[in-house]
Amino acid sequence: MEKMVWEKPEMNDIAFGANEYVAACGDGGTTYWFTCNAGQIDHHTARGGEWYDSSTWKECWCGETHLTEYDDKHSYRVYKDDNGNFGTQVGFNYSPCGESHEATVKTGESIEDVFFKGWMDDKRTDEVEKIEVTVWRGPGGDNCHCTSILDYKNWSIAYSG
Amino acid sequence: MKEYVSPAVHIIEHIGTLDNEQIAALSDSELEAYLLEYSDLAHSRLFRVNDRYILREIAGEHVLVPTGDLPGNVMITMNRTCTFLWEQLQEPKTIGDLIFAAKQRFDDPSGELENHIREFIEYRVKTGHIWEVK
């Protein structure tokens with residue numbers, strides 16, 4: 001048997017909250033940190049912002065002022081991939097929130113069904129963009145979150161059990 | 001009738017000045033005196049894991065999960081050499097046993113293997129992850 005190279009033995013503590021410990025020790029499946037970052041953040045929908053229907057300069061939660069006219073929003077149509085083409089539309093006014101969500105693949109579920117390949121098209125432009133993303137429909141299967149980190153192997157794991 | 005004890009062999013490092021033939025020629029009492037003089041008696045001490053830590057493999061990482069009255073909000077990840085030592089110490093072993101076994105499994109280009117193992121045992125006995133077997 002080929003020998004491995006010796007390295008200094010190390011133990012590292014991982015502190016965690018009670019809820020995460022319970023989930024790691026019995027529920028099964030793997031929970032990933034899904035970062036909803038695909039596209040440009042629409043400051044006026046992220047983090048509970050308001051919709052405006054008039055062209056008015058408004059102060060945003062980020063501390064800057066933005067033009068709030070509807071047509072100036074960063075929002076996207078999102079489609080499920082169909083052999084490299086636009087398939088079923090799963091998002092109609094998607095905008096990234098910038099947050100990381102706990103996204104669980106339950107034991108027995110296919111990871112490719114939970115996180116699937118999709119395409120985004122920017123609604124602000126006349127061109128049809130085809131921006132590749134990985135889509136997650138949220139815990140209820142009725143939402144739309146998109147990440148530009150396409151390969152789940154590059155995501156952090158929150159816990160696994 | 002004597003109680004049965006599983007046979008066990010432990011490696012005790014020899015750091016004295018006599019060669020093997022000279023040692024073989026010593027009487028029992030001379031050998032004992034020689035070992036006391038030259039052999040670090042710590043090498044005959046036995047160690048094993050604190051069995052309230054359970055070894056699990058999670059997402060490709062080896063993790064120690066505390067049980068019993070240990071604090072339950074901290075798990076411990078281990079690299080591969082630490083995992084190797086932990087697996088070895090499931091049964092009582094001397095430091096010499098561990099060094100011998102590690103040299104069978106790992107190349108040691110830095111020459112730090114023995115020091116690392118000694119430091120690991122010394123430290124982890126203090127932290128309670130490793131127990132000395134009396």
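In this predicted model, Tyr79(A) stands opposite Gln89(A), a residue of strand 7 of chain A, and this pair offers a convenient way into the sheets of chain A. The two strands concerned, strand 6 (residues 76-82) and strand 7 (residues 85-94) of chain A, run antiparallel to each other and are joined over 5 bridges. They form a hairpin with 2 residues between them, and in its turn Asn83(A) has a positive phi of about 50°.

Tyr79(A) also has a bridge partner in strand 9 of chain A, namely Trp119(A). Strand 9 (residues 115-122) of chain A pairs with strand 6 of chain A in the antiparallel sense, again through a ladder for which 5 bridges are found. Strand 9 of chain A pairs in turn with strand 10 (residues 131-136) of chain A, antiparallel and over 6 bridges, and within that pairing Met120(A) has Ile131(A) of strand 10 as its bridge partner.

These pairings belong to an open sheet of 5 strands in chain A, which follow the order 7-6-9-10-11 with antiparallel pairing. Its edges are formed by strand 7 and by strand 11 (145-147) of chain A, each of which pairs on one side only. From one strand to the next, the twist of this sheet averages 40°. As a general matter, strands of a sheet pair through backbone hydrogen bonds, in either a parallel or an antiparallel arrangement.

Chain A holds another open sheet, made of 3 strands in the order 8-3-12, and here too the pairing is antiparallel. Strand 8 (100-105) and strand 12 (157-160) of chain A are the edge strands, each pairing on one side only, and the twist averages 20° from one strand to the next. Strand 3 (residues 30-35) of chain A is joined to strand 12 of chain A over 3 bridges in the antiparallel sense, with Tyr32(A) and Ile157(A) as bridge partners.

Chain B has a hairpin of its own. Strand 2 (residues 53-58) and strand 3 of chain B pair in the antiparallel sense over 6 bridges, and Arg56(B) has Val63(B), in strand 3 of chain B, as its bridge partner. Between the strands of this hairpin lie 2 residues, and Ala59(B) takes a positive phi near 50°.

The remaining question is how the chains meet. Strand pairing also crosses from one chain to the other, since strand 1 (residues 4-5) of chain A and strand 5 of chain B pair in the parallel sense over 2 bridges. In that pairing, Val5(A) has Asp107(B) of strand 5 of chain B as its bridge partner.

The contact as a whole draws 34 residues from chain B and 18 residues from chain A. The size of an interface is often expressed as the accessible area lost when the parts come together. For chain B and chain A the buried area is about 2500 Å², of which 62% lies on carbon and sulfur atoms. Across this interface there are 10 residue pairs in polar contact, counting pairs in which both residues have pLDDT 80 or more.

On the side of chain B that touches chain A, the elements that give two or more residues are strand 3 (61-66), strand 4 (74-78), helix 3 (80-88), helix 4 (95-105), strand 5 (106-107) and helix 5 (113-127) of chain B. Helix 5 of chain B provides the largest share of that side, with 6 residues. By residue class, the side of chain B that touches chain A divides into 18 nonpolar, 8 polar and 8 charged residues.

Side chains of opposite charge can pair when their charged atoms come close. Between chain B and chain A the count is 1 salt bridge, formed by Glu7(A) and Arg80(B), whose closest N and O atoms are 3.7 Å apart. Over all chains, the structure holds 7 salt bridges. Glu7(A) lies in the loop between strand 1 and strand 2 (11-15) of chain A, whereas Arg80(B) lies in helix 3 of chain B, so the pair joins two chains.

Definitions and conventions:
Residues are numbered from 1 along each chain as its sequence is written. Chains are lettered from A and ligands numbered from 1 in the order in which they are written. This is a predicted model: local features need pLDDT of at least 70, side-chain atom pairs count only at pLDDT 80 or more; totals for chains, interfaces and linings use all residues. Side-chain values use heavy atoms; hydrogens and water are left out. Contact means heavy atoms within 4.5 Å. Buried area is the accessible area (1.4 Å probe) that two parts lose on being put together, summed over both. A salt bridge is a side-chain nitrogen of Lys or Arg within 4 Å of a carboxyl oxygen of Asp or Glu. A polar contact is a pair of N or O atoms within 3.5 Å; within protein, one must be able to donate a hydrogen and the other to accept it, and residues adjacent in sequence count only if both atoms are side-chain atoms. Helices (H or I, at least four residues) and strands (E, at least two) are DSSP runs, numbered from the N terminus. Ala, Val, Leu, Ile, Met, Phe, Trp, Tyr, Cys and Pro count as nonpolar, Asp, Glu, Lys and Arg as charged, and the others, Gly among them, as polar. Two strands pair if DSSP finds at least two bridges between them. Axes are lines fitted to C-alpha atoms, for helices over the stretch in contact, and angles run from 0 to 180 degrees between N-to-C directions.
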